[in-house]
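Biologist: I would like to learn how to read a model of this kind. Could we take the features one at a time?

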Amino acid sequence: MPFLSGPATRKISIAAALRFITQTVLQNAGTAARVAVPWLALAALFNAWALWGHPNDAATLSTINFGPYDYLANAVSILATSSIAVSWHRHVILNDDMKLVQAFHIDKKVLVYAASNLLISVCIVVPVLLAIVLVNAIVPALIVPLATALLLLSVIFIIRLSLRPVAIAVGNLPFKFQNAFEATRGNNLGILAIAITVAIVCMIALLVAGLLSQGLAQLNPKLDLPGRILLSIPAEFFSLVVVNAMFSTLYRFFAEAKEL
């Protein structure tokens, strides 16, 4: 597979990228559901386990805490999102079939994909958090603007480097982290604008699911926990598909030098 090296000269069009992401989601969401929904249903079972076991402590799905089983739940979540992402990228970029038997597919690609994303997160998120703590200790009056700037920079760096895991998913092993960083050079603002738009869309989906679950709880308090768990599945599925569509679109443009 071709990839760019050296200083990048291509500039991504925000409008074209968002349009391509939308088209990709609409064309492939139904097929992706066969792979993603079983994983999300399994995650929902873990959420149900936590929520019903600690209904007073877990006001939302994001505040679940049930001791050492958290590690198991997090491991399942990482494997699930990685398996879904690898299947998605291979289907969209390589035209591989996404069959029902692939729903819980875990192989070397999935494991390396997950490890690569964890590496990116550790190498960028940890230093950024330490820098924010340091800024807060030295110049607390500047914490808000500096923390915001650092977080935005971290988002840009994470997305640029995340083209490497996509390359791993599709078997383009020569495309390293350095190639990902070089290929996306000069596109920081465009990448940030695309990422913010995608994040807003995903937040809206999660917000709608939250509002619907609250509505069910008002109708019948017994529907509170089941509503939260069941409504989280389509919201999380939509978010996963949109985020993966963003990465496959960026990979197509930067790594394979294809037009959108």
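**Reading the model**

Modeller: With a relative accessibility of 37%, R185 counts as partly exposed, because the value falls between the 20% limit for buried and the 50% limit for exposed. Bear in mind that this is a predicted model.

Biologist: Where does R185 lie in the chain?

Modeller: R185 is in the loop that links α6 (177-183) to α7 (188-219). Sequence position is one matter and position in space another. The C-alpha atoms of R185 and K11 are 9.0 Å apart, although 174 residues separate the two along the chain.

Biologist: How many helices and strands does the protein have?

Modeller: There are eight helices and zero strands. Read from the N terminus, the order of elements is α-α-α-α-α-α-α-α.

Biologist: What should the 32 residues of α7 span, at 1.5 Å a residue?

Modeller: The expected span takes 1.5 Å times one less than the number of residues. For α7 this gives 46 Å, and the end C-alpha atoms are 46 Å apart, so the two values agree.

Biologist: Which residues of α7 are buried?

Modeller: Burial means a relative accessible area under 20%. In α7 the residues that meet this are G190, I191, L192, I194, A195, V198, C202, A205, A209, S213 and A217.

Biologist: How do α4 and α7 cross?

Modeller: An angle of 65 to 115 degrees counts as roughly perpendicular. The axes of α4 (residues 143-161) and α7 come within 10 Å and cross at roughly 95°, and the two helices are therefore roughly perpendicular to each other. On the α4 side the residues that meet α7 are L152, V155, I156, I159 and R160. Their partners in α7 are N188, I191, L192 and A195. Of these, I191, L192 and A195 also appear among the buried residues of α7.

Biologist: Is C202 buried or exposed, and how many disulfides does the structure hold?

Modeller: C202 is buried, because its relative accessible area is 9%. C123, at 48%, counts as partly exposed. The structure has zero disulfides.

Biologist: What can be said about the protein as a whole?

Modeller: Of its 260 residues, 42% are buried. The accessible surface is about 13500 Å², and carbon and sulfur atoms account for 70% of that area. For contacts, take pairs at least 6 apart in sequence: 76% of them join residues at least 24 apart.

Note on methods:
Residues are numbered from 1 along each chain as its sequence is written. This is a predicted model: local features need pLDDT of at least 70, side-chain atom pairs count only at pLDDT 80 or more; totals for chains, interfaces and linings use all residues. Side-chain values use heavy atoms; hydrogens and water are left out. Helices (H or I, at least four residues) and strands (E, at least two) are DSSP runs, numbered from the N terminus. Buried means under 20% relative accessible area, exposed over 50%, partly exposed in between (1.4 Å probe, protein chains only). A disulfide is a pair of cysteine sulfur atoms within 2.5 Å. Contact means heavy atoms within 4.5 Å. Accessible areas come from the Shrake-Rupley method with a 1.4 Å probe; for residues, only the protein chains shown count as cover. Axes are lines fitted to C-alpha atoms, for helices over the stretch in contact, and angles run from 0 to 180 degrees between N-to-C directions. Angles under 35 degrees count as roughly parallel, over 145 as roughly antiparallel, 65 to 115 as roughly perpendicular and the rest as oblique.
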